[in-house]
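Me: I would like to go through a protein model with you, one question at a time, and have each answer reasoned out from the structure itself. Here is the chain.

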Amino acid sequence: MGAADEELLSRYLDGDERAFEELVVRYEARVRNLVMRLLRDPSLAEDVAQETFLAVYRRARNFRGSGTFRSWLFRIAINRAQDELRRRSRRREVALEPDWPRPEPAARTHEGLDARWDTARALDSLRPEHRIAIVLREVEGLGYREIAETLGWPLGTVQARVHRGRLELRGLLEEKDALPRR
């Protein structure tokens, strides 16, 4: 594998710009996907991801090392996304539907595409605290302790929200399956 995240951050703080570039390459898609799950707007997610890395670039010295770099990075991304959601709600620009269209029947080459689309829609329907807990656990693969560290929630709260989010997600998907296909 490559150097540890904290080692790359340390090298960047010592003047090695390539070390920061490696961190960006390592986490760019993950940060963009994380904020996309929160914002449901691809162009806005791209902007927020860039703002996240700009904030990390400027505030790298603020990383205390009490947790992982990944947790710190995701916390910054989540905060930026939540700030954007608050701005949008004040301007009443919250999209009711995600910007990605449902694939046309002729374009569907595999039923897995439908299943992924349905899961994404159901995930978008979760309460925000459940959605972020599920995304960090199931999509990003963070452990419960790292999620607690990232979000500043007690461990029990994380466990409860992941559990409730899974139940809510399962219910939405079962409900969807009970309805006739369009």
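Me: How much area does the chain expose, and what share of it do carbon and sulfur atoms supply?
Reply: This is a predicted model, and its values are computed from the predicted atoms. The area that the chain exposes comes to about 10900 Å². Of that area, the share supplied by carbon and sulfur atoms is 49%.

Me: What secondary structure does the chain have, and in what order do its elements run?
Reply: The chain has eight helices and zero strands. Read from the N terminus on, the order of the elements is therefore written with one symbol for each helix, a helix being a DSSP run of at least four residues. That order is α-α-α-α-α-α-α-α.

Me: Which helix gives the largest share of the largest nonpolar core?
Reply: The largest nonpolar core has 48 residues, and those touching the most other members are Val31, Leu34, Phe69, Leu73, Phe74, Ile132 and Leu136. Two or more residues of this core come from each of H1, H2, H3, H4, H5, H6, H7 and H8. In soluble globular proteins, nonpolar side chains tend to be buried together. Here the largest share, 11 residues, comes from H2.

Me: Which residues does valine 31 touch, leaving out those up to four places away in sequence?
Reply: Valine 31 is among the core residues that touch the most other members, as are Leu73 and Phe74. Both Leu73 and Phe74 also appear among the residues that valine 31 itself touches. With residues up to four places away not counted, the list is Ala49, Thr52, Phe53, Leu73, Phe74 and Ala77.

Me: Is the pair of phenylalanine 63 and tryptophan 72 stacked, edge-to-face or tilted?
Reply: There are eight aromatic pairs in the model. In this one the ring centres are 5.3 Å apart and the planes stand at 55°. Planes under 30 degrees apart would count as stacked and those over 60 as edge-to-face, so an angle between these limits belongs to the remaining class. Phenylalanine 63 and tryptophan 72, both of them buried, are therefore tilted.

Me: Which residues do ring pairs link into a cluster around tryptophan 72?
Reply: Tryptophan 72 also forms a tilted pair with phenylalanine 69, at 6.0 Å centre to centre and 55° between the planes. These two residues lie three residues apart in helix H4, about one turn of the helix, and both are buried. The cluster linked by ring pairs consists of Tyr27, Phe63, Phe69, Trp72 and Phe74.

Me: How far is the backbone nitrogen of phenylalanine 69 from a polar atom of the side chain of glutamate 6?
Reply: Glutamate 6 lies in helix H1, and although 63 residues separate it from phenylalanine 69 in sequence, their C-alpha atoms are 6.1 Å apart. Leaving aside neighbours within four places in sequence, the contacts of glutamate 6 are Phe63, Gly67, Thr68 and Phe69. From the backbone nitrogen of phenylalanine 69 to a polar atom of the glutamate 6 side chain, the distance is 2.8 Å.

Me: Why does glutamate 6 count as partly exposed?
Reply: A residue is buried under 20% relative accessible area and exposed over 50%, so a value in between makes it partly exposed. Glutamate 6 falls in that middle class because its relative accessible area is 33%.

Me: Is histidine 130 buried or exposed?
Reply: Histidine 130 is found in helix H6. Leaving out residues up to four places away in sequence, histidine 130 touches Arg161, Arg164, Gly165 and Glu168. Its relative accessible area is 4%, so histidine 130 is buried.

Me: Over which ring does the charged end of arginine 161 sit?
Reply: Arginine 161 is one of the residues that histidine 130 touches. Its charged end sits 4.4 Å from the centre of a ring, which is that of tryptophan 153.

Me: Which residue in the loop between H2 and H3 has a positive phi although it is not a glycine?
Reply: Just after H6, a positive phi of about 75° is taken by glycine 141. In the loop between H2 and H3, the residue with a positive phi, about 55°, is not a glycine but arginine 40.

Key
Residues numbered from 1 in each chain as written. Predicted model: local features only at pLDDT ≥ 70, side-chain atom pairs only at ≥ 80, totals over all residues. Heavy atoms only, no water. Core = buried A, V, L, I, M, F, W, Y, C linked by side-chain atoms within 4.5 Å. Buried < 20%, exposed > 50% of the residue type's maximum accessible area, 1.4 Å probe, protein only. Contact = heavy atoms within 4.5 Å. Areas by Shrake-Rupley, 256 points an atom, 1.4 Å probe, with all protein chains shown as cover. Phe/Tyr/Trp six-rings, centres within 6.5 Å; stacked < 30°, edge-to-face > 60°. Lys NZ or Arg CZ within 6 Å of the ring centre and 35° of its normal. Polar contact = N/O pair within 3.5 Å; in protein donor to acceptor, adjacent residues only side chain to side chain.
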